[in-house]
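Biologist: Let us go through this structure step by step. Please show it, then explain the terms as they come up.

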Amino acid sequence: QVQLVESGGGLVQTGGSLRLSCAASGRFLSIDSMGWYRQAPGKQRELVAFVSSSGIRNYADFVLGRFTISRDNDKNTVDLQMNSLKPEDTAVYYCNARIQPGLRSLYYVYWGQGTQVTVSS
């Protein structure tokens, strides 16, 4: 059973920093892209950033220059360093990964359980 487990959310003041971590566990063959999405109350889930298996990074415009995504392929982890946080960054943040469970299997999208990030003004 493949699982994505997140950690690192919390409450921070405007301008502060938080670091989110996500680890993939269970039995699987390989991981393609890994990334982070977020969902604020009353809004749709949106992409924050993702990183390919080769290390190519992509960011949503609203986090450029503030957030940094990093990945450790040996540990099957992806982190999101969030700096200069704003109240509008308040949301539940979800880890996402495309994972191949086994040989001759397709890649499937897996989600973490979500971690709350709250930025106070």
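Modeller: A residue is buried under 20% relative accessible area, exposed over 50%, and partly exposed in between (1.4 Å probe, protein chains only). This is a predicted model, in which local features need pLDDT of at least 70, side-chain atom pairs count only at pLDDT 80 or more, and totals for chains, interfaces and linings use all residues. Residues are numbered from 1 along each chain as its sequence is written, and side-chain values use heavy atoms, leaving out hydrogens and water.

Biologist: How many residues apart in sequence are the parts that the disulfide of C22 and C95 ties together?

Modeller: A disulfide is a pair of cysteine sulfur atoms within 2.5 Å, and C22 and C95 form one with S to S at 2.0 Å. C22 lies in strand β3 and C95 in strand β9, so the pair ties together parts of the chain that are apart in sequence. Strands (E, at least two residues) and helices (H or I, at least four) are DSSP runs, numbered from the N terminus. The separation is 73 residues.

Biologist: Is C95 buried or exposed?

Modeller: The cut-off for buried is under 20% relative accessible area. C95 has 0% relative accessibility, so C95 counts as buried.

Biologist: Which residues of strand β11 point to one face and are buried?

Modeller: In a regular strand the side chains alternate between the two faces of the sheet. In β11 (residues 115-120), Q116, T118 and S120 point to one face and are not buried. The buried residues on the other face are T115, V117 and V119.

Biologist: Which residue in β11 is the bridge partner of G10?

Modeller: Two strands pair if DSSP finds at least two bridges between them. Strand β2 (residues 10-13) and β11 pair in the parallel sense over four bridges, whereas β9 and β11 run antiparallel with three. A91 stands opposite V117. The partner of G10 in β11 is also V117.

Biologist: How many residues apart in sequence are the parts that D79 and R19 tie together?

Modeller: A salt bridge is a side-chain nitrogen of Lys or Arg within 4 Å of a carboxyl oxygen of Asp or Glu. D79 and R19 form one, with the closest N and O atoms 3.2 Å apart. D79 lies in strand β8 and R19 in strand β3, so the pair ties together parts whose separation is 60 residues.

Biologist: What is the relative accessible area of R19?

Modeller: D79 counts as buried at 16% relative accessibility. R19 is partly exposed, with a relative accessible area of 40%.
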